[in-house]
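Work through the exercises below with the sequence and the model at hand. Each task is followed by a stepwise solution.

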Amino acid sequence: MKRTLVAPLLSALMPGVGQILNRQFPKAGLFLAGFSILFLALLFKILYDLNQVLLSLNWERLEKDPQRLQTIAQALGQRGKTVLLSLLVLLMAFWVYNVWDAFSQAKKMERESHAPISAG
């Protein structure tokens with residue numbers, strides 16, 4: 001019972017850690033690497049969009065604008081969101097699958113440890 005609660009909780013906090021608890025070391029590495037790659041791709045997309053917006057703004061006019069943050073936010077809002085949303089959905093789906101996998105494997109291990117031994 002304890003492992004079925006701890007493994008998914010640990011995987012929710014850090015992908016792959018629940019798999020380590022379940023002694024699935026190669027899978028843990030894959031989950032950690034996959035999540036890291038998706039997270040970095042999302043971060044770089046956000047930074048790229050911010051860089052493009054900041055380079056395109058008229059800074060002389062912006063320095064006098066009391067609502068400069070709103071102006072920057074509006075310019076960011078006009079950027080294409082397809083790639084950003086796709087990366088976000090992939091990241092969330094990967095995270096949910098990671099937690100589900102840790103739970104299901106822990107439950108399977110628990111069932112196997114309580115299974116009666118046949119004397120056959």
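**Exercise 1.** Classify R23 as buried or exposed, and describe its backbone.

Solution. R23 has a relative accessibility of 61% and is therefore exposed, where exposed means over 50% relative accessible area, buried under 20% and partly exposed in between (1.4 Å probe, protein chains only). Next, place the residue: R23 sits in the loop between α2 (17-21) and α3; helices here are DSSP runs of H or I with at least four residues, numbered from the N terminus. Finally, the phi of R23 is positive, about 60 degrees, although the residue is not a glycine. Most residues other than glycine have a negative phi.

This is a predicted model, in which local features need pLDDT of at least 70 and side-chain atom pairs count only at pLDDT 80 or more, while totals for chains, interfaces and linings use all residues. Residues are numbered from 1 along each chain as its sequence is written, and side-chain values use heavy atoms, with hydrogens and water left out.

**Exercise 2.** Determine whether Q19 is buried or exposed, and list its contacts.

Solution. Q19 belongs to helix α2. Its relative accessibility is 0%, so Q19 is buried. Setting aside neighbours within four places in sequence, Q19 contacts S11, Q24, K27, A28, F31, N98, D101 and A102 (contact: heavy atoms within 4.5 Å).

**Exercise 3.** Describe how α3 packs against α6.

Solution. Helix α3 (residues 25-56) and helix α6 (residues 82-114) have axes 9 Å apart, at an angle of about 160 degrees. Axes are lines fitted to C-alpha atoms over the stretch in contact, and angles run from 0 to 180 degrees between N-to-C directions. The pair is therefore roughly antiparallel, the class for angles over 145 degrees; under 35 is roughly parallel, 65 to 115 roughly perpendicular and the rest oblique. Residues of α3 in the contact include F31, F35 and F39, and those of α6 include F94, W95 and Y97. The contact comprises 17 nonpolar, three polar and three charged residues; Ala, Val, Leu, Ile, Met, Phe, Trp, Tyr, Cys and Pro count as nonpolar, Asp, Glu, Lys and Arg as charged, and the others, Gly among them, as polar.

**Exercise 4.** How does α3 pack against α5?

Solution. The angle between α3 and helix α5 (residues 68-77) is about 120 degrees, with the axes 10 Å apart. The two helices are therefore oblique to each other. D49, L50, V53 and L54 of α3 meet I72, A75 and L76 of α5. By class, this contact has six nonpolar residues, no polar and one charged.
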